[in-house]
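I opened a new notebook page for this structure. My plan is to look things up one at a time and write down what I find.

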Amino acid sequence: MSKQTAASEMSTGSGEKTRTGVIDQDPPKAVAQQLKTVKQEQKHRVDDIDQKTLIDLYRQMLLVRRFEEKAAEAYSMGKIGGFCHLYIGQEAVAIGAISAIRTDDYVLTSYREHGHAIAKGISPNAVMAELFGKAGGCSSGKGGSMHMFDRNVNFLGGHAIVGGQIPLATGVAFASKYRGTDQVTLCFFGEAAVNQGAFHESLNMAQLWKLPCIYICENNQYGMGTSLDRAMSFQNIAEKARAYEIASEFVDGMDVLAVREATARAVERARKDFLPTLLEVRTYRFMGHSMSDPGSYRTRAEIEKHQERDPVKVFSATLKEKGIVDDAALAEMEKSVREEVEHALRFAEDSPQPAPEELYTDVYANPIVPRNRGIDSK
Amino acid sequence: MAVITMREALNQALREEMLRDQDVFLMGEEVAEYQGAYKVTKGLLEELGSKRVVDTPITELGFAGLGVGAAMVGLRPIIEFMTFNFSILATDQIINSAAKMFYMSGGQFKIPIVFRGPGGSAFQVSSQHSQALESWFAYFPGLKVVMPSTPADAKGLLKTSIRDDDPVIFIEQERMYGHKGEVPEDPEFTIPLGLADVKREGTDATIVARSLMVPVALKAAEELQKQGISCEVIDPRTIRPLDIDTIVESVKKTSRVVVAEESHPFCGVAAEISMEIMDRAFDYLDAPVKRVSGADVPMPYAKNLEELAIPGVDQLVAAVHEVSYM
C-alpha cells in the first residue's frame with residue numbers, strides 16, 4: 001500500500017494518536033486476523049448462557065435456513081414473484097442480535113429481511129404468505145419479499161432503497177428518547193449502505209443527540225456483484241464510527257453468540273445512557289444477491305471457504321461438543337423445523353389472494369374524497 | 001379578526017398545535033435558536049423548549065427520514081425545509097418512505113408528518129433557490145400537497161395538516177410571508193384539506209390559481225371587470241386531493257377557463273387540471289382551456305429576466321381575452 005502522505009496527527013478524546021490521510025496498514029488483513037481469534041471464543045461463550053436459550057437460538061437459525069431453502073424452491077416454481085434476497089449464511093447475525101433485545105424494542109432492516117422478520121416474532125406462515133403475495137401475509141400481500149411489517153411485534157420493515165432504513169431507525173430511536181421510554185432500536189443494513197449519505201447523516205445525528213439506536217452493519221462483503229474492495233476506499237467499517245465518536249465493535253458474524261454478546265453490550269449503552277453503537281458484523285451470504293443472480297463474480301473456492309464456517313453448522317458442533325444436544329435431539333429439531341416450514345408453505349398456498357378492492361385501500365390513513373365528487377372519483 | 005401576516009399566521013398555527021398535542025415536534029435547520037430563517041418559528045423555542053423545537057445540522061435526507069421514523073411510532077413531526085429547494089435532497093425519504101409506508105405495510109404504519117417551508121419563486125436568488133416543486137410531490141399517491149394563498153388559509157390549513165394522519169407537503173410561497181389578511185383567533189379554526197375556495201365570484205370566465213398566482217389573478221379580475229368581463233377566481237388550496245368539482249361547477253357556469261401557475265408548464269399541475277376539465281366539462285367549454293405558466297427555463301438572476309419568467313397580471317388578462325375570443 002502507498003505510504004502515509006498526510007503527516008498531520010490529531011489527538012482523540014482518549015489521548016490516543018490517530019493518523020489522518022492515507023493509512024499504511026491493510027485493514028482487511030487486520031480484520032481477518034481478528035476474525036480468527038474471535039471465532040475460537042464461541043465455546044467459552046456457551047458457558048454463560050442457559051441451555052434453553054442456546055437451543056432456542058439454534059432452532060431459530062435452523063428454521064430460517066430451512067425457510068429460505070423452501071422459499072428458493074417456491075421461487076423456482078414461480079410461486080414467489082419479483083426479487084427474493086435470501087439470508088442463507090447470515091442467520092447468526094439477525095438471530096444473535098435480536099435475541100439480545102426485548103419484544104417491545106424495535107427492528108428495522110433492509111430488503112434481505114425474511115430472517116429478521118422471523119427472529120423478531122412474525123410467524124413463518126405470515127412471512128411465507130407475504131412472499132406468495134397473499135392476503136394472509138404480514139403486509140397483507142402489498143409489500144412482498146422486501147417489505148415485511150408487523151406492528152404487533154415492533155418489526156418496522158423491510159426497506160428496499162439501500163440505506164433508506166437508517167434515518168428511519170434513527171427517528172424511531174429519537175421517538176423513544178422523546179417519550180422517555182427505554183426501548184432501543186436495532187437497525188440492520190449491508191456494508192454497501194455504508195457508502196450512502198444516509199448512513200453518515202444518521203450516525204452524526206445519533207451521536208449528536210444521543211439516540212438509543214444500534215447500527216448493525218452486516219458486512220457480507222458484496223454489494224450485489226461488487227466486492228467491498230472495489231467499492232470502499234477505507235474498508236474498516238467499525239473504525240468509521242470514530243468519525244462520529246460513536247462506540248463500535250467488530251464482530252464475527254458467523255458466531256451467533258458473539259453477535260448476541262456484542263449486541264447486548266450495545267443495548268445496555270442504549271437503554272441506560274441513550275448512546276448509539278455501530279457494530280460491524282463480518283458475515284457472508286452463501287447464495288447470490290437475489291434469486292436471479294448466478295454469482296459469477298465469486299469463485300466456488302471462495303464460497304466453500306466461507307461455508308466451512310457455516311454459522312448453523314459451527315453452532316450445532318459447539319452445542320454437541322459441549323454436551324448440550326446430541327444427534328437424536330438435533331434430528332428431532334430438524335424434523336420439527338421442516339414440519340413448521342411445510343406448514344408455512346401450505347398456509348401460504350391456502351391463503352386467499354388480496355381482494356381486488358384492496359388495490360385502493362391503505363393509500364391514505366385519512367382518505368379525503370373532495371366534496372360533491374362524482375362516481376368516477378377514484 | 002386580527003389582521004396579521006402569513007408569517008404570523010403560520011407561527012400561530014405551529015404554536016397552537018404544539019401546545020395542543022405533546023406528540024408534535026418541530027425540526028429543521030435554524031428553526032430554534034435562530035428563530036427560523038424566515039422567522040416563521042419565532043418564539044417557539046423559548047415557549048416550548050429544545051426538546052420540541054430542534055435545530056438540525058444541514059442534513060436534509062437525514063432529518064426528513066428521522067421524522068418519518070418518529071412518525072412510524074406515533075409522533076407527529078413537523079419537518080421544516082429552510083426552503084423546498086433543499087427538499088430535493090430528501091425526496092427518497094419523502095417519496096419512498098413517507099408516501100408508501102402505509103400502503104406497503106398493508107395499512108399498519110401511518111405517517112402523520114408535515115414537511116413544510118417556503119417554495120416557489122423567491123426574490124433574485126437564481127435557479128437553485130427559486131422553483132416550484134408541487135407537481136413532483138402531487139404526483140405520488142400517499143402524499144397530500146397543500147399551498148395556501150392567504151394568511152387565514154395558511155393558518156387553517158396548517159393546523160389541519162398537523163392533525164392529519166398522512167404525510168402532508170405544505171408549501172408556503174416565499175414571496176408571500178409578508179402578505180397581510182384577517183385571521184380568526186379561535187384555536188379550533190381549521191380548514192379541511194381537499195376543499196377549494198372561490199376567492200372571487202364571477203360569471204364570464206374562470207381563473208384557477210394557487211399560491212402566488214391568487215393575488216395576481218385577483219388583480220387581473222379587477223382589471224377585467226373594468227372591461228366588463230366578470231371573472232371567477234378559484235383557489236384549489238390543496239393540490240392533492242384536488243377539489244375538481246368546485247372547478248368544474250365554475251366552468252359549467254362560465255364556459256371559459258384559464259389555469260395559472262408559476263411553475264414550469266411541462267407535466268405541471270395546470271396540465272392535470274386542464275385534463276380533468278376536459279374529462280368532466282368538455283361539452284360546457286366555449287373555448288379551449290388556456291394555461292399560463294412560468295417560463296420553461298431555470299430561474300434567471302437578472303431582475304428583468306426574473307420578472308419575465310413569472311406570470312403577471314398582463315399575461316392573465318391576455319389569456320382571459322384569448323378564451324373570450326376578444
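My entries follow, starting with how to read the model.

**Ground rules.** I am working with a predicted model, where local features need pLDDT of at least 70, side-chain atom pairs count only at pLDDT 80 or more, and totals for chains, interfaces and linings use all residues. Residues are numbered from 1 along each chain as its sequence is written, while chains are lettered from A and ligands numbered from 1 in the order in which they are written.

**Entry 1: the core.** I looked up the largest nonpolar core (buried Ala, Val, Leu, Ile, Met, Phe, Trp, Tyr and Cys residues joined through C-beta atoms within 7 Å). It holds 198 residues, and B:Ile207 and B:Ala217 touch the most other members. Helix 3 (residues 51–76) of chain A gives the most, 10 residues. Helices here are DSSP runs of H or I, at least four residues, and strands are E runs of at least two, numbered from the N terminus. The core lies between domain 1 (2–183) and domain 2 (197–323) of chain B, because both give residues to it. Those bounds come from an automatic or database domain assignment.

**Entry 2: B:Tyr34.** I found B:Tyr34 in the loop between strand 2 (24–28) and helix 2 (44–48) of chain B. Is B:Tyr34 buried or exposed? It counts as partly exposed, because it has 14 C-beta neighbours inside 10 Å. Buried takes 20 or more, exposed 12 or fewer, with C-beta atoms placed from the backbone.

**Entry 3: the chain contact.** I noted 42 residues of chain B in contact (C-beta atoms within 7 Å) with 37 residues of chain A. Helix 3 of chain B gives the most to its side, 10 residues.

Conventions
Contact = placed C-beta atoms within 7 Å.
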